[in-house]
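Reader: I am new to reading structures. Please take me through one part closely.

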Amino acid sequence: MATEILMPALSPTMEEGTLAKWLVKEGDTVKSGDILAEIETDKATMEFEAVDEGVIGRLLVAEGAQGVKVNTPIATLLAEGESADAAPAPAAEKPPAESEASRDKASEAAEAPAPAPAAAKSAVESVHTPEPDESPDWPEGTELRQMTVREALREAMAEEMERDESVFLMGEEVGEYQGAYKISQGLLDRFGPRRVVDTPISEHGFAGIGVGAAFGGLRPIVEFMTFNFAMQAIDQIVNSAAKTLYMSGGQMGCPIVFRGPNGAAARVAAQHSQDYAAWYAAIPGLKVVQPYSAADAKGLLKTAIRDPNPVIFLENEILYGRSFDVPVLDDFTVPFGKAKVARKGSDVTIVSFGIGMAHALEAAEKLAEGGIEAEVIDLRTLRPIDYATVLKSVQKTNRCVTVEEGFPVGSIGNHISAWLMENAFDWLDAPVINCTGKDVPMPYAANLERLALITADEVVQAVRNVTYR
Amino acid sequence: MARKPAETAQPPQQPNVSRDELLKYYREMLLIRRFEEKAGQLYGMGLIGGFCHLYIGQEAVVVGLEAAAKEGDKRITSYRDHGHMLASGMKARGVMAELTGRIGGYSKGKGGSMHMFSREKHFYGGHGIVAAQVPLGAGLAFADKYKGNDNVTFTYFGDGAANQGQVYETYNMAELWELPVVFVIENNQYAMGTSMKRSTKSTTLFGRGEAFGIPGEQVDGMDVLAVKAAGEKAVAHCRAGKGPYILEMMTYRYRGHSMSDPAKYRTREEVQKMRDERDPIEHVRQLLLQGGHAAEDDLKAIDKDIKDIVNDSADFARESPEPPLEELWTDIYADDVPQQSSQDVNA
């Protein structure tokens, strides 16, 4: 039976085209790969090849015809010995009606207002729990030990490497040099070069090797000497690590931690002083952590290493040397998506994370002297975000100020503000104010650098503004 | 030995290869060819969307290298990946249904032509960013070396990808750490529309490995037997713990870079000459016929069988439903990783 040759789609967006030229005539024998016609699309003139072999029966569309819709029959192809008058078999290569129907259904669904919970919810809302988890991070009466953030991070890695042979650390100067910031000090001696791997200066390359090793069944910890250098590797982080589970329909998970100092240190200027929290928090498929205290650094890093997903773990050089209480427990972890109320208060909610917490807590102390009691929330993880804890607090204080070191445009604070406007509009007695770093590349000069960074005094002023005091 | 495909065809000699092997290569290459032709057809009908990069012409490369692989070996490639999947044993149905964006596809319709995976067949994608798969492939090899097994990873990339910086970062580390990875450069001579001559003054691509201490060679990628022989050599090098090896496969794609490429950067005659004189499937066909291994009728039966498989895959790909709307929200995060547990490392 004769088959129809249909007008082909020759680009992702083509709906119709011009049949510029026939390169075969009726009665010609063609085989797979022979050019049948030249077809002009909106972009180019394309050669259209035969797929099946046979004899050209009828040319149904004349040379030069414009606006020929995709899937219109343009010729018939005869099998050996068949007559050109043989009835074509139009059904042979037509898209089934059922597929059209389902396509229509899909577009209806897209237009319909919130048809099903699954289609209506946003990724953001999916992590929202109505009641915040207010359980303490460790049982009351647990012995506490003072420890620096640096020691806490080192302990977390050592404990997890002890626990799971598939965990290894790779990065620049992590081994023999004992860590550029001494986070990995002693780990090479303890675990050997197989599991503490010094890399050449090749962020793009070793980030990709880490992701591949995670696909291959290991649990890499990839240390970036600073997150500024991770911009050389961001394609592997975003396109390979974050998206592959989805693109593989759930087959190919990527359990990996990318960690290292993030944000401004001191006097290292624009290329070495940037907070990437909002960048990575924008990416579905990543989890993003930015701890402030040593206890959180330890508990969250252990959780990050065990997590089956790619985790961005943003540390801070200035905090490395600060000491905090850390519980003495055999296996202390902090779950993702659980914010911490670092200070109770009733007049305003200050939402922060990472080193922003230092400014937020300092501001809260100053405000208390003036009779304003601030509740300070440490988000700890930026993806997922614990909206429930923020919401509950704002419902109590009716005011909110966010504090972070990053740039103001597209900041975490912007996102929290928008979320509160959508979900707590009636609870707010004042606009939410975002305290951020200034909208400038970080300057080198000491006085300008101070000016560019967020300060406790700016937070105090923002709180006075939203409390009208 | 190292022979560029542009040179004229030589009369097929009768190499030392069994009838079964030849038939297997013929069958596997033909499956890829017919599958890709069908994919092109479905694209033309609007059933396949977006980008679609066909492998027609390059079949001998994956089929020859798969013949050199053993169970447990891994493979990873770029977006021109349909042939690699079929050669690794993935089902035509699942691949075609992914092309049409249906739930029956390997990625449930969420990856498409460029992003497909199969843990079962050790196929690690299907990657859409040019050369990103190169460090990923070295990472897979890193994992195998870490676990202490003798698996090898075939990391495929094109002559275009060979100009990306991350390839050389990877070469450096792969040799430094003696990773068991075969870097397979599929040199089809055009990086989209830019010929190799217009991209680099290097005359070979495998030669760039020398700077890092990686051995390699150029191979006639239109000759499945030459590919297999080179593959065996490379794999032996890796399994012996000697580190990576580079194979530069001189090959040719008959179709444009993607379905929407009019391919005006080369002449029709150039393509036709390659088809007429160097076609990898015709080569094996002639070996079978002239060696008295098979009659025309035997091959016709195989042709029909392949056609049936491909038509069945196309039917399946059209009948399989689109993914349910709930699928929008699944597989963003893993509750647990569907892969080897840490036990196989701890063991």
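Author: Here is a close look at one helix of chain B and its surroundings. This is a predicted model, where local features need pLDDT of at least 70, side-chain atom pairs count only at pLDDT 80 or more, and totals for chains, interfaces and linings use all residues. Residues are numbered from 1 along each chain as its sequence is written, while chains are lettered from A and ligands numbered from 1 in the order in which they are written.

Start with α1(B), residues 19-44. Helices here are DSSP runs of H or I, at least four residues, numbered from the N terminus. The axes of α1(B) and α9(B), residues 280-290, come within 9 Å and cross at roughly 150°. Axes are lines fitted to C-alpha atoms, for helices over the stretch in contact, and angles run from 0 to 180 degrees between N-to-C directions. The two helices are therefore roughly antiparallel (angles over 145 degrees count as such).

Which residues of α1(B) and α9(B) make the contact? From α1(B) come B:Leu22, B:Leu23, B:Tyr25, B:Tyr26, B:Met29, B:Leu30 and B:Arg33. From α9(B) come B:Pro280, B:Ile281, B:Val284, B:Arg285, B:Leu287 and B:Leu288. Contact means C-beta atoms, placed from the backbone, within 7 Å. By class, this contact has eleven nonpolar, no polar and two charged residues. Ala, Val, Leu, Ile, Met, Phe, Trp, Tyr, Cys and Pro count as nonpolar, Asp, Glu, Lys and Arg as charged, and the others, Gly among them, as polar.

Now turn to chain A. The contact between the chains takes 64 residues from chain B and 65 residues from chain A. On the chain B side, α1, α5, α6 and α11 each supply at least two residues. The largest share, ten residues, comes from α5(B).

Key:
Two residues are in contact if their C-beta atoms, placed from the backbone, lie within 7 Å. Angles under 35 degrees count as roughly parallel, over 145 as roughly antiparallel, 65 to 115 as roughly perpendicular and the rest as oblique.
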